[in-house]
Amino acid sequence: MYIYYLLSLFLFIFVLLSIGRRYNEVKGIAIIALFILFLFDGLRWESGTDWNNYYTYFTDKYIPGAGLIEVGYSWINKVVFFIYPSYTLFLLVHAAFTYFVLYHFVKYLRNNSVSSI
């Protein structure tokens with residue numbers, strides 16, 4: 001539980017440091033915040049109530065109800081599993097993709113990007 005408090009504290013400090021500044025002035029802070037979120041999201045293990053379902057889907061594609069998985073998510077699963085069958089690697093790739101897209105959306109749509117993350 002303390003890790004969540006620590007993450008919240010870091011992000012709160014980053015937001016305070018970026019208030020009233022332009023994006024170019026806080027770009028480094030935004031990248032550090034995204035990197036922290038990337039590691040926090042990508043290195044999770046056995047968290048969430050549906051974690052076991054996603055892990056089972058990654059390791060065994062022929063489970064009942066597998067047709068209900070979105071096409072893009074299924075494709076990322078297959079590519080990562082083909083390259084190297086590690087669920088931790090999949091979580092890191094998924095987090096990297098998510099935060100890469102999030103960074104670019106925030107960069108172009110907000111003035112104060114750190115507080116938008």
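**Exercise 1.** Are helix 4 and helix 5 parallel or oblique to each other?

*Solution.* The model is a predicted one, and the exercise begins with the way a helix pair is described. Two packed helices are characterised by the angle between their axes and by the distance between those axes. Here the axes of helix 4 and helix 5 come within 10 Å and cross at roughly 130°. Since angles over 145 degrees count as roughly antiparallel and 65 to 115 as roughly perpendicular, with the rest oblique above that range, helix 4 and helix 5 are therefore oblique to each other. As for handedness, helix 4 passes helix 5 in a right-handed crossing. On the side of helix 4 the contact is made by Y73, I76, N77 and V80, and on the side of helix 5 by L89, F90, V93 and H94.

**Exercise 2.** Determine which residues make up the largest nonpolar core, and which helices supply them.

*Solution.* Begin with the membership: the largest nonpolar core has 9 residues in all, namely W51, Y57, F58, Y73, I76, V80, Y87, F90 and L91. Next, assign them to helices: helix 3 (51-59), helix 4 (71-83) and helix 5 (87-109) each supply at least two residues of this core. Then take one member, F90, which, leaving aside its neighbours within four places in sequence, is in contact with F58, Y73, I76, N77 and V80. Finally, another core, of 7 residues, lies apart from the largest one, and L7, L34, L37 and F38 are among its residues.

**Exercise 3.** Establish where the buried residues of helix 3 lie around its axis, and what covers them.

*Solution.* The buried residues to consider in helix 3 are W51, Y57 and F58. Because these residues cover an arc of only 130° around the axis, they are on the same side of helix 3. Helix 4 and helix 5 are included in what covers the buried residues of helix 3.

**Exercise 4.** Classify D41 and K27 of helix 2 as buried, partly exposed or exposed, and find what each is placed against in space.

*Solution.* D41 has its place in helix 2 (residues 23-42), and because its relative accessibility is 19%, where buried means under 20%, D41 counts as buried. Not counting residues up to four places away in sequence, D41 touches A95 and Y99. K27 also lies in helix 2, but at 36% relative accessibility K27 counts as partly exposed. For its placement, compare sequence with space: K27 and K107 are 80 residues apart in sequence, while their C-alpha to C-alpha separation is 9.1 Å.

Terms used: Residues numbered from 1 in each chain as written. Predicted model: local features only at pLDDT ≥ 70, side-chain atom pairs only at ≥ 80, totals over all residues. Heavy atoms only, no water. Core = buried A, V, L, I, M, F, W, Y, C linked by side-chain atoms within 4.5 Å. Buried < 20%, exposed > 50% of the residue type's maximum accessible area, 1.4 Å probe, protein only. Helix = DSSP H or I, 4+ residues; strand = E, 2+ residues; numbered from the N terminus. Contact = heavy atoms within 4.5 Å. Arc of directions from axis to C-beta. Axes fitted to C-alpha atoms, helices over the stretch in contact; angles between N-to-C directions. Parallel < 35°, antiparallel > 145°, perpendicular 65-115°, else oblique. Left-handed = near helix turned anticlockwise from the far one by under 90°.
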